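Please open the model in a viewer and keep the sequence panel visible. The tour below proceeds from one selection to the next.

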Amino acid sequence: MGRMFYIYSSLFISIALNIPRLLALKENSVLARYVHFNIYEWLFHTCANFLFSLLAFLIIRDHFRGRFKHWKWWKEGKAALLLVLLFVSFTIFCLGVQRRLFEEGILPGRGIVLKFLLTLILVGIELKIANTLRIARFKELENARLRNAHLRTELALLKGQLQPHFFFNALSSLSGVVREDPAKAQYYISQLSKVFRYSLQKEEDNLVPLREELEAVSSYAALLKMRHEDGFGLQIDIPADMLHVRLPHMSLQPLMENALKHNVVSAASPLLVTITAAQGTDGTYHIIVRNNLQRLPFYQPGTGIGLSNLNERYKILLQQEIEISKTADAFIVKLPLK
């Protein structure tokens, strides 16, 4: 808590304790019958109360926070002694000024001693409330840091699942290209290095511009085109003004891998993957990845990495889930954008 907090709090307490005297300004009021209002006396009481309150804040701001049994008496005792000295000195001074310059009332010093006691109580209550809020805020920030650390760890594990999966598939494809056409192997390795470089890319928030994601998936598609030739095709139709939007790193490649794994890929039955953009009814934009559905004649069990992994990463990074749908002739995945 800064100095302005103590100043504003002292100002509030001094005005709150002295504002009832202003009721004496109203003629025929009950208070006006017993109290003669003096603007200079009111200003003196208010200023003395303000200074007393501010000094009390400064004395006890770092004390009396914990439980009674946890107090360190050589510290808390010193603060308590200073409060007593403050109270006695202000009481003696203010009573002397009151007797010399102003009228006496029913209470000594027109109740200024009672106001000092109430000020100490209010200062203690306000510091206790502020300290409670400070502790609650600290715990909230600590919990947020722990949640973020957990999410980063979970996200790293999910991305770690993709690397060996992709690495294994890439090496298998490379061995096939080397056997079939060694001349193409150099080009394949060049494209493969681009994909690997992108897959190892580190972003602070794990989100990348759509432009980078499309460039990486185009390099990956070039690898697939070398392997399957006319059996595979990729079409991208994204407006230029959307290329700056961000999405989770490595979002598109797993969808292409999933399409290749579960569908027939041949020159007679080409697999076509299209990547387009669409605007939802709520005004948000999505990337739509669609492939024609031509199932393999035999069931090939999944590893549980592809779509579920992608969906988990979207829940962590964007607090949204991907949308999966299927028609008689197409498999469609809709990815929300940040």
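Begin by selecting L255, N258, V289, N291, F331 and V333, the residues that line the largest cavity of this model, which is a predicted one. The space enclosed there amounts to about 30 Å³, and a search of the whole structure finds one cavity of 30 Å³ or more. Colour the lining by residue class: four of its residues are nonpolar, two are polar and none is charged.

Next, display the secondary structure around this cavity. Three elements each supply at least two residues of the lining: α8 (253-262), β5 (285-292) and β7 (330-336).

Remain with α8 and select the whole helix. Is α8 mostly covered or mostly uncovered? The helix is mostly covered, with nine of its 10 residues buried. The buried residues of α8 are Q253, P254, L255, M256, E257, N258, A259, L260 and H262. Two of these, L255 and N258, also belong to the cavity lining.

Now move to I287 and L335. Within the largest nonpolar core, which has 45 residues, these are the residues with the most contacts. Helix α7 (residues 210-228) gives the most to this core, contributing nine residues. To see the surroundings of I287, select its contacts beyond four places in sequence: L210, I238, L252, I275, T276, A277, V333, K334, L335 and L337. Among them is V333, already met in the lining of the cavity.

A second core, separate from the first, can be displayed in another colour. This core has 21 residues, including F44, L54, I60 and F87. As a general background to both selections, nonpolar side chains in soluble globular proteins tend to be buried together.

Turn last to the aromatic rings. How many aromatic pairs does a search of the whole structure find? The search finds six. For one of them, select F90 and F116: the ring centres are 5.9 Å apart and the planes stand at 85°, so the pair is edge-to-face. The pair links distant parts of the chain, joining F90 of helix α4 (residues 73-101) to F116 of helix α5 (residues 112-180), 26 residues apart.

Are F90 and F116 buried or exposed? F90 counts as buried because its relative accessibility is 13%, and F116 is likewise buried, with a relative accessible area of 0%.

As a final stop, select F5, Y6 and F57, which together form one aromatic cluster.

Definitions and conventions:
Residues are numbered from 1 along each chain as its sequence is written. This is a predicted model: local features need pLDDT of at least 70, side-chain atom pairs count only at pLDDT 80 or more; totals for chains, interfaces and linings use all residues. Side-chain values use heavy atoms; hydrogens and water are left out. On a 1 Å grid over the protein atoms alone, a cavity is a set of points where a 1.4 Å probe fits but cannot get out, and a pocket is an open set with protein on both sides within 12 Å along at least five of seven lines; lining residues have an atom within 4 Å of a point. Grid points are joined across faces, edges and corners, and a volume is the space filled by probe spheres set on the points. Helices (H or I, at least four residues) and strands (E, at least two) are DSSP runs, numbered from the N terminus. Ala, Val, Leu, Ile, Met, Phe, Trp, Tyr, Cys and Pro count as nonpolar, Asp, Glu, Lys and Arg as charged, and the others, Gly among them, as polar. Buried means under 20% relative accessible area, exposed over 50%, partly exposed in between (1.4 Å probe, protein chains only). Rings of Phe, Tyr and Trp (its six-membered ring) pair if their centres lie within 6.5 Å; planes under 30 degrees apart count as stacked, over 60 as edge-to-face and the rest as tilted. A nonpolar core is a set of buried Ala, Val, Leu, Ile, Met, Phe, Trp, Tyr and Cys residues joined through side-chain atoms within 4.5 Å. Contact means heavy atoms within 4.5 Å.
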